[in-house]
Structure formats: C-alpha cells, structure tokens
Amino acid sequence: MSRVFNANMFRLRRNSLFWWSVILTGLITAGLVLLDSSAINGSITNYELENIALSGAPFVQFICAAVIVLFIGTDNSQNTIRGKLIVGNERKGIYFADVMTGIIIGCSINAAWLVGGLSGAPILGFWKMEPAKAFMYIIMSFVCTVSISAIAALIGVLVQRRSAAVAAAFMAVFVLILCANTVYERLSNNEEDAAVNFVDGEPVFEIVKNPDYVDGPMRMAFELALNVNPMGVSVSLSNRDLDDPTASLVGTAFITIFVSSLGAAAFRRKDLR
C-alpha cells in the first residue's frame with residue numbers, strides 16, 4: 001500500500017488538475033463571499049460572515065468528487081492495475097492507497113474553500129460564533145469531505161470510463177444532497193404553528209399542532225437517516241444548524257468505513273482480463 005500511495009502522491013504533486021482545482025475553488029469562493037459581503041454591508045439586518053461562507057458547503061463536494069474520480073481514473077486502466085499486481089502489490093493495498101489519495105484531494109479542496117470564505121472578513125469581521133463551535137464546524141466539514149472522498153474513490157476505481165465515472169459521482173452526490181435536504185426540511189418543521197380564524201369579522205390567532213411535524217419513532221428514523229448521510233452534515237453546516245455533531249460524526253464514519261470495505265471487496269473481485 002505504501003508504495004502505491006507514495007506513487008500517487010508523486011503524481012498528485014505534479015498534477016495540474018489538482019492544483020488548479022484547489023486554486024480556483026479558493027478564488028471562486030473568495031469572490032462570491034466578497035461580493036455577498038459587499039452587497040449586504042450596512043444592511044440593518046444582522047449578517048455574519050459564517051452565514052455566507054458556510055452556505056456553499058454542499059456544492060464543494062461536487063468539485064471534490066469530480067476531481068477525485070478524474071485523478072484516480074487516469075491511472076485505472078486494467079494494464080496499469082495488472083502491472084501493480086505483478087510487482088507485488090495487493091489489491092487491497094492498491095484500493096486503500098487510492099482511497100487515501102482521494103481523501104487528501106478532497107480535504108485540500110475543502111481547505112481552499114474554507115480559506116476562500118474568509119475573504120469577507122475585512123467587511124463583516126471574522127466568524128462571530130464561539131471558537132469551540134467554529135472549530136467543531138470546521139472539523140465536521142472535513143468529516144463530510146472524507147466520506148464523500150471515499151465514495152468518489154469507489155466510483156473512480158470500479159467504473160472504467162472516466163466520463164461515466166464523473167457522471168456517476170455527480171449523480172451520487174446529487175442524490176445524497178436531495179435526500180439530505182428532504183429529510184432536513186421535514187425535521188425543521190415546528191411542532192406548533194399559528195392559525196388565523198375570523199370571528200365576527202375579527203381575526204383571532206390560535207396555536208395549532210403542525211400536521212407536517214415529525215415526532216416519535218418516525219422522527220428518530222429521520223434523524224438517523226440525516227446522520228448517516230454524509231451530505232446531511234453538509235446541509236446542516238450550510239444552515240448553521242449542526243445540533244448533534246457526535247451523532248453526525250458516528251453516522252458519517254460508519255458510512256465511510258462501510259463504503260471503503262464494500263469497495264475493497266468489489267475491487268478484489270474485479271475482472272482484469
């Protein structure tokens with residue numbers, strides 16, 4: 001594994017796709033945050049830099065997935081894999097070396113996004129949230145990226161054609177975001193809601209139970225679904241609403257381990273004829 005990983009790192013250091021992805025992610029993020037910060041400067045509404053900087057959390061994962069798949073796909077021909085096996089590498093080592101490489105790519109892009117998000121600091125100041133909470137949000141953004149990187153590495157290794165692999169990676173992230181948004185919105189419904197009735201022509205306000213509120217075992221199931229979905233963390237980050245980081249960490253770690261184990265088992269049986 002170490003030899004394959006070292007070879008991947010040597011190739012990564014010389015890879016223009018990787019470096020341009022990191023640079024452009026930081027620059028584009030900085031530009032968008034700076035424009036938004038300038039647009040709301042002086043507004044009577046209390047805006048904070050983290051509200052703008054974290055809003056793009058889900059979309060960064062698209063970039064991570066695409067770059068990982070493209071990088072791994074350039075070295076994923078059957079002849080190349082057979083050559084690695086001939087010199088004494090094991091399939092498991094090859095696969096996990098690619099997973100580790102994907103994680104480094106994803107975390108580098110995620111770091112560029114976080115740094116670029118500080119561009120609005122001269123206008124709005126730095127993050128206003130407590131340092132411990134800010135540190136937790138930053139850590140969880142990398143946790144999400146690690147899980148998405150593992151999924152992208154699986155796709156990059158198992159799907160032979162790079163165009164098909166990129167399409168599959170985009171679709172996987174899109175489906176995860178769609179599911180996370182749907183579950184998050186259901187969990188965000190208030191238990192009670194205000195209703196207006198007219199009595200003798202006069203409006204009367206009363207508090208009624210919200211029919212869209214999810215409670216009981218169904219709410220527990222929805223929370224579990226959000227926590228095990230890597231993009232559930234990202235959606236919560238974008239809404240500054242990561243209430244249970246421990247559950248999110250455990251759920252995302254489980255998916256990362258499961259996907260990596262599944263990929264290693266599938267790669268072990270991949271036909272290289």
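Here is a short chat about the pockets in this predicted model.

Student: Hi! How much space lies in the largest pocket?

Tutor: Hello! The largest pocket holds about 330 Å³ of space.

Student: And which residues are closest to its centre?

Tutor: Those are L187, E223, L226, D241 and D243, out of the 16 residues that line the largest pocket.

Student: Which helices supply at least two residues of that lining?

Tutor: There are four to look for: helix 9 (162–187), helix 10 (216–228), helix 11 (230–238) and helix 12 (245–268).

Student: Okay, which helix gives the most?

Tutor: Helix 10 does, with four residues in the lining of the largest pocket.

Student: How do the lining residues divide between nonpolar, polar and charged?

Tutor: In the largest pocket, six are nonpolar, five are polar and five are charged.

Student: Let's switch. What volume does the second largest pocket have?

Tutor: Its volume is about 280 Å³.

Student: Which residues lie nearest the centre there?

Tutor: Look for I28, T29, L32, G56 and W113, which belong to a lining of 16 residues. Helix 2 (16–40), helix 3 (49–53) and helix 4 (57–73) each give two or more residues to the lining of this second largest pocket.

Student: Where does the largest share of that lining come from?

Tutor: From helix 2, which provides eight residues.

Student: And by class, what's in the lining of the second largest pocket?

Tutor: You'll find ten nonpolar residues, five polar ones and one charged residue.

Definitions and conventions. Residues numbered from 1 in each chain as written. Predicted model: local features only at pLDDT ≥ 70, side-chain atom pairs only at ≥ 80, totals over all residues. Heavy atoms only, no water. 1 Å grid on protein atoms, 1.4 Å probe; cavity = no way out; pocket = protein on both sides within 12 Å on 5 of 7 lines; lining within 4 Å. Points joined across faces, edges and corners; volume = space filled by probe spheres on them. Nonpolar A, V, L, I, M, F, W, Y, C, P; charged D, E, K, R; others polar.
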